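The following exercises concern side-chain burial and charge pairing. Please work through each task before reading its solution.

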Amino acid sequence: YTIFPHTTLFRSKMMHCHYNLGYILFNQKQYSKAKDLFGLYLKYRKDQNQTVLADVYNRLGDCNFVARNFAEANSYYNRAIQVDPSTADYALYQTAFAAGLEKKYQEKVGLLDKLIATYPKSDYMDEALYEKGRAYVMMGKNELAIDTYKGFLEKYPTSNQAKTVENEMALLYYQDNRNQEAINAYKDVIKKYPGSDEANQAMHDLRSVYVDMNKVGEYVDFVKNVRGGVSMDINEQDSLTFAAAEKIYQNGNTASAKSELQSYLKKYPEGGYSLDAHYYLSTMLAGEQSNEEALKHAEAVLGKPNNQYTHETKLLYAQLLMSLKEYSKADVAYKDLVQITTDGVDLENSREGWLRSANLSGDAQGVIDAADVLLKNKKIEPDLMNEIYYCRAKAYMKLKMTDKSLADYLLLSQDTRIID
């Protein structure tokens, strides 16, 4: 075909040469060159073979489609439809697909409906139904998508696309909070297509549904049954049980979250997520003023040094000790916090906590040290300033440092807002 155009015979066979060479290049995915040759076929065309003409229009449409020149592609597809309506199903399918790529989903549905109605025996019927369902999904019309997918499965249950369709139906059920229907659909995929990529995806998604429903035990039993009695790895069970509890916590359902996290710790006291569970419980219980229980979980968190919750939990731990009137322990905890805290707000809170816990525990030197640190801040509120002077004055008096005590009392006397 490369040499032939330069021969004398070429002129009589020019049209066929362009057509055949165009197809060779098209099959080699050299679409730009193929497009030029199909164009030359149209230029030199002399026969009246409408089927070949429609085929050329379709290939020109394809060349433009690949280049994402959808308007030009549709122009050629429409010509193919006009020239040979009996074989126009492909052109209709392609124009519908192009409409979807341009996010014209309602137009895509209309074109696919036309294809389905006009060419009920088309080789593209299964793809048309699938793409119609996809268009409804993209429009957020899940119920119509599900109905379309059901129609697909009724007509083409053995199609290679069936596995994908069933998985997508299950996902739509899940998105619409129809969890039991999603579970049934995912289980069907797993049982009907064992070992397939779709079955593996279904198993993964099924796990998410069970976690959302907080029914990890049912999922574990199902996996065991599928695997012929082989139980799931204990670490995976640990992970799923915590994930279900954590999801409830993140959704703000405190009562259920507390119960599930406690259940998790009872089942997996040294589980991979026990640290997270203790942390969540410490904050929730502290918020409920269940301070003794909160303290136990805070201690469990701090029992694993230098974790992601350490600093925040140390502050909570000190606050809980204060609320439980364990002032000596709180004094130590706050003093430790002052040494390691760099954040401005937390640092000031820790210093104030240190002053108060030292005062209430009778640690006179601790009060003086805390007061001296606090007084380095030049922007102290008047009420806090008075509290500092008052506590330090008492501490000086306790240590028989009378002159310093009187000096602080003198400073207090200059402000009417004196702590009794």
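**Exercise 1.** Why does Tyr409 count as partly exposed?

Solution. The model is predicted, so local features need pLDDT of at least 70, side-chain atom pairs count only at pLDDT 80 or more, and totals for chains, interfaces and linings use all residues. Residues are numbered from 1 along each chain as its sequence is written, and side-chain values use heavy atoms, with hydrogens and water left out. Tyr409 has 33% relative accessibility and therefore counts as partly exposed; buried means under 20% relative accessible area, exposed over 50%, and partly exposed in between (1.4 Å probe, protein chains only). Tyr409 belongs to helix α22 (residues 402–413), helices being DSSP runs of H or I with at least four residues, numbered from the N terminus.

**Exercise 2.** Determine which helices the salt bridge between Lys108 and Glu131 ties together.

Solution. A salt bridge places a side-chain nitrogen of Lys or Arg within 4 Å of a carboxyl oxygen of Asp or Glu. For Lys108 and Glu131, the closest N and O atoms are 2.7 Å apart. Lys108 lies in helix α6 (residues 105–118) and Glu131 in helix α7 (residues 125–138), so the pair connects parts 23 residues apart in sequence. Lys108 counts as buried because its relative accessibility is 6%; Glu131, at 10%, also counts as buried.

**Exercise 3.** Locate the salt bridge of Glu293.

Solution. Its partner is Lys296, with closest N and O atoms 3.4 Å apart. Both residues lie in helix α16 (residues 291–302), three residues apart, about one turn of the helix. Glu293 counts as partly exposed, at 36% relative accessibility.

Note on methods: Helix = DSSP H or I, 4+ residues; strand = E, 2+ residues; numbered from the N terminus.
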